[in-house]
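Q: I'd like a close look at a single part of this structure. Please walk me through the details and then how that part sits among its neighbours.

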Amino acid sequence: MTFRIARIVLREVALPLREPFRISSGVTRERRILLVELFEADGASAWGECVAGERPNYSPETIDTCRHALTEWLAPLVLGRTFPGAADVGPVLDAPVRGHRMAKAALEMTCWALEAELAGRPLAAVLGGARREIPVGISLGIQATPAALAEKALAARAEGYRRVKLKIMPGADLAFVAAVREVLPDQVLSVDANAAYRADDAEHLAGLDRFRLAMIEQPLEPEDLRRHAELQRRLETPLCLDESITSPARAEDAVALGSARIVNIKPGRVGGHGPARGVHDVCAAHRIPVWCGGMLESGIGRAHNVALASLPNFSLPGDLSPSARYWDRDIVTPEWTMSPDGLVRVPFDRPGLGVTVDRDRVDDLTVRMEELAA
Ligand code: NPG
């Protein structure tokens, strides 16, 4: 089923988080989110979302670099053009533009939603997924004290989360993890450093082995696969890579070097659903389990992530918390929810994203809008 892209609307919305979210490199209080709406020549439309944040503390890209890349370089490559399918969009963006994966992903993922919409099929099915329910993990930001973190972790367990991930950084690690492990002796726990450590912290990080963590995520710099491999050889706990994995080829390198035993896939980080499936397949071929990360997305980005996470090798709980964890009110209906036993349902009973975008709410939250036409 071919489609021709006639119009692209880029909007920035500002969504206040219910609670500030602190990672090793900074805190997010309000999510400035870039939304993409694509219009097909015959009138069909679809939504997508860019995961880039306000500052370059997670990746070099930001919401502003993404808006620039989309308007100046990426949108002109697709506007007025007819595509045989969404899988053909990524290569068209990659040929003349290096990097800018988050900007590309916003556009590429929206094309998948459009394809699903036009075919009248759920996005999850179009991507090749089959899982009806995905186990959900929560990611807890860095708290002021170990006791405060332990309290949050207990509440998360009571809500049913299947895995509790703790953000760590030098000065907020061993004592914090110890406090949580003490109150939750049997819970699946993991930690995420967002690249806050250096190779010579290996001895210190080995101190985490005693907490029986499911994984230590992204301890070192994203570029540094070799030192992750050296660190993995010193630790019992599996390493998981997030920021480091930017493409299927990087995933292959990481596996070949032994840099990770688990991979976090965020389609918005790797350039879209096409490359995300590529990373998934590389990992599946090497028996490396994957899970779907989150970037404090609105319900639109969450719909894309949930659909992707229905693929077979997503065998570990994803950062797919329900809408109410982040927002007083989401921009989609129905909002994303989690069952009492920690599962999110994949909307296989509805075409496209499986949720409806609340246009009035989006309009209310829009702080900037741009329309690009062929
Ligand atoms: O539940 O969506 C969520 C947040 C999951 O911890 C989470 N995201 O490093 O994976 C990450 C982290 C993050 C959040 C990174 C915000 C950057 C900004």
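Which residue in S12 is the bridge partner of Ile 265?

A: It's Cys 292 that Ile 265 has as its bridge partner in S12. Before going on, a word on the ground rules: this is a predicted model, with local features needing pLDDT of at least 70 and side-chain atom pairs counting only at pLDDT 80 or more, while totals for chains, interfaces and linings use all residues. Residues are numbered from 1 along each chain as its sequence is written, and side-chain values use heavy atoms, with hydrogens and water left out.

Now the strand itself. S11 covers residues 262-265 and pairs with S12 in the parallel sense, over three bridges. Strands here are DSSP E runs of at least two residues, helices are H or I runs of at least four, and both are numbered from the N terminus; two strands pair if DSSP finds at least two bridges between them. S11 also has strand S10 (residues 239-241) as a parallel partner, joined to it by two bridges, and there Cys 240 is matched with Ile 262.

As for the side chains, Ile 262 and Asn 264 point one way from S11, Val 263 and Ile 265 point the other way, and all are buried (under 20% relative accessible area with a 1.4 Å probe, protein chains only; exposed is over 50%, and partly exposed is in between). That fits the usual pattern: in a regular strand the side chains alternate between the two faces of the sheet.

Step back, and the sheet is an open one of seven parallel strands, in the order S6-S7-S8-S9-S10-S11-S12. Strand S6 (137-140) and strand S12 (290-292) stand at the edges with a single partner strand each, so one side of each has no neighbour in the sheet. On average, neighbouring strands are turned by 25 degrees against each other, direction ignored.

Just past the strand comes Lys 266, in the loop between S11 and helix H10 (267-270). Lys 266 counts as buried because its relative accessible area is 5%. Its side chain makes a polar contact with the side chain of Asp 242, at 2.8 Å. Such a contact is a pair of N or O atoms within 3.5 Å; within protein, one must be able to donate a hydrogen and the other to accept it, and residues adjacent in sequence count only if both atoms are side-chain atoms. Leaving aside residues up to four places away in sequence, Lys 266 touches Tyr 58, Asp 242, Gly 293, Gly 294 and Met 295, where touching means heavy atoms within 4.5 Å.

Elsewhere in the sheet, S7 (163-167) and S8 (189-192) are packed against by the buried residues of helix H6, as is helix H5 (146-159). Those H6 residues are Phe 176, Val 177, Ala 179, Val 180 and Arg 181. Over in H5, Leu 149 is buried because its relative accessible area is 2%, and its contacts include Leu 166, Phe 176 and Val 180.

Two loops leaving the sheet strands have backbone oddities. Ala 195, in the loop between S8 and helix H7 (202-206), has a phi near 70 degrees, positive though the residue isn't glycine. Gln 218, in the loop between strand S9 (215-217) and H8, has a positive phi of about 40 degrees, and it counts as buried because its relative accessibility is 0%.

Methods: Axes fitted to C-alpha atoms, helices over the stretch in contact; angles between N-to-C directions.
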